[in-house]
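Reader: I should be grateful for a close look at one part of this model, namely the site of the ligand. Please describe its surroundings and then how the parts that form them are joined.

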Amino acid sequence: MQKFESVEGVAAPMLRANVDTDLIIRIERLVGTGRTGLGEHAFEQLRAEPDFVLNKPAYRDSPIILAGANFGCGSSREGAVWALMGAGIACVIAPSFGDIFFANCFQNGLLPVVLPEAEIRALARETEDSQGVGRTRIDLARQVVVTPTGREVPFAVDVRRREAMLEGLDDVALTLKRQAEILAWQARDQAARGWAWNSVAL
Amino acid sequence: MALTLFDKIFDPHVVADLGEGWSLLHIDRVLLHDLSGARALREVGEAGHAVAHPDLVFATPDHAVSTAPGRTSETFAGGAGLVAGLRTRAAETGVRLFDLGQDGQGIVHVMGPELGIVLPGTTLVCGDSHTCTNGGMGALAFGIGASELGHVLATQTLRIVKPKRMRIRFEGALPPGVTPKDMILAAIGRFGTAAGTGHAVEYAGSAVRALSVEGRLTLCNLSIEMGARMGFVAPDETTFAWLKGRRFAPTFADWEAAVAYWRSLASDPGAVFEVDHVIDMADIAPQITWGTSPEQVVGVGGQVPDPADAPDAAKAAAWRAALDYMGLTAGAPIAGTKVDWVFIGSCTNSRIEDLRAAAAIARGKRVAGHVTAWVVPGSERVKRDAEAEGLDQVFRDAGFAWRESGCALCVAANGEAVPSGARCVSTSNRNFVGRQGKGARTHLASPAMAAAAAIAGVITDVRSAA
Ligand code: SF4
């Protein structure tokens, strides 16, 4: 996984609720087999609208999205995360996220930050008041969002996920260190629940 | 201590406590589909790992295959490579594949239960958010992303924080015209699309106990539309009778041992749920969505809501955008809205019972002249069973197209789409902007409601159509 320590830039306000993964990346863009090249298709339906926030010069290169509730709801497509990262997004700040999208973010090094809605509105206001030049900084090591006016807003993040992101840990490698425990569990289970194994034996 | 069904399945599957609330959970079954299956198998190999347990992994092409009669994997050129890749990787890794034209092929969440791959009391994952469908069998089944899928294939485990417990009890008898699809749409309308976030949902109550397995699968299918990765129903005699004799169901002494264990899985009296809801079935009418989120739903006798009545400014803006996209007028009755397309299919409502319900409405009638209506069976097996019962003929005689199995118009990933601006009554699960095709307008409803709309040419109350 890509390491993540901090990101700084102009935060783009996209405060609508329930931005689903279909809206982030259309399914027909995912019939390729790779993880790359999706950035240009991120939000393609919204990008067709001239006043869409990421079309505005001030926000075209924003690495941070200020989002509404339930961001990333819908499908499990990890392509939604790859598309955002491909479009240069490193962090999404929202009051809540879709569960699967949230997990997918951490698998790739895109930081989802949960803040109260009022706080996100305040961040959007500070950015807009600065004519879209005020920068926001997200510091994962210190767990704070530094707003354009210099306020520091702390955020909570799961300890394990934070550590994995800061260090770019590989979950599979970590789990495989527990191979003996997994095999022992399986041996016990095959004795106790033979039916769960025998019926699909090759 | 009184335990819930969820605890009774989750806890024994914990291989190791990873600390800070994290568990290493054993995964008993993995399903793969064409959209991500080949990549997942390839990436595991590229990372230098083997597929830990190919015997526990099952694959089928569904998303990116044409459903045109007589289709092959080449009919939709855009998906041909994905299917070819899945064949190659499955053969290399020893993963069982149910290919086009074979008994077992189908929408991955239709095929899993149908073959007896999904068993009560097991854990199952798939790189697809509607994996929750399989909870209808009494399994903990949930969707994961591509990276997590790679982790499961390589280790047969997943790192996970145990979700909280939520229960929704549906009490009472199903009113006329009301189906499991209406039950879950009504629940989403009431609680919202984020109500289940972070929760595992058990559906219970007398109405759920009375449902067939197919109905329970439909109910669980839309758990993710309520924000919940997993939804399930306690297994019971209905489940066991349905499962017995299926291809990968346990046999003989294993079957007896399994059933004895499965009987122990119901939530204990007094078990605590962090969130507990009750819905009175008498309050539920046949449902139809009007907007671009599954929570934007009304009873078919209702009206298109007015943004002026929205509870807050954000909702008002969302409603306005939805009305605009859907081309609807605030305050107008939803029934009577002219329909261009009807889609009966998807992992929500493409099983044999769904097709029977739709055929019962369509029998002896004609699809309205301006409507294009498709029936897409959920699997090769459903298709064959329906043909053996003559349902295909009922649909054909009424003017519906009878197609091969796959996801088709649910997600429009296979070159088939509802045209821009066209209005479609669909038995699928997502009415998102552009879901059925760019600019397509989707109204979610039950199979009977969809069939009734096809015949009438407008959104119509199934209770007056039958
Ligand atoms: S039918 Fe639709 S929701 Fe179901 S698996 Fe296919 S694309 Fe997903």
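Author: The space taken by the ligand is the largest cavity. Here a cavity is a set of points on a 1 Å grid over the protein atoms alone where a 1.4 Å probe fits but cannot get out, and a molecule sits in it if more than half of its atoms lie within 2 Å of its grid points. This is a predicted model, in which local features need pLDDT of at least 70 and side-chain atom pairs count only at pLDDT 80 or more, while totals for chains, interfaces and linings use all residues. Residues are numbered from 1 along each chain as its sequence is written, chains are lettered from A and ligands numbered from 1 in the order in which they are written, and side-chain values use heavy atoms, with hydrogens and water left out.

Around the ligand (a heavy atom within 4 Å) stand residues of chain B, including His63(B), His109(B), Asp128(B), His130(B), Cys347(B), Cys407(B), Cys410(B) and Arg435(B). By class, the shell holds five nonpolar, five polar and two charged residues; Cys counts as nonpolar, Asp and Arg as charged, and His as polar.

Domain 1 (5-162) and domain 3 (288-465) of chain B each contribute at least three residues to this shell. Domain bounds come from an automatic or database assignment, which also gives chain B a domain 2 (164-235 + 267-283). The C-alpha centres of domains 1 and 3 of chain B lie 28 Å apart. Their contact (heavy atoms within 4.5 Å) takes 23 residues from domain 1 and 26 residues from domain 3. On the domain 1 side, Thr67(B), Ile107(B) and His130(B) lose the most area to domain 3, together 31% of what that side buries. Ile107(B) and His130(B) are also among the residues around the ligand.

The area buried between these two domains is about 2,000 Å², with 54% from carbon and sulfur atoms; buried area is the accessible area (1.4 Å probe) that two parts lose on being put together, summed over both. One salt bridge is counted between the two domains, the term requiring a side-chain nitrogen of Lys or Arg within 4 Å of a carboxyl oxygen of Asp or Glu. Asp103(B) and Arg381(B) form a salt bridge at 3.1 Å, N to O.

Chain B also meets chain A, with 74 residues of chain B and 53 residues of chain A in contact. The two chains bury about 5,200 Å² between them, and four salt bridges cross their interface. Lys438(B) pairs with Glu44(A) in a salt bridge, the closest N and O atoms being 3.3 Å apart.

Conventions. On a 1 Å grid over the protein atoms alone, a cavity is a set of points where a 1.4 Å probe fits but cannot get out, and a pocket is an open set with protein on both sides within 12 Å along at least five of seven lines; lining residues have an atom within 4 Å of a point.
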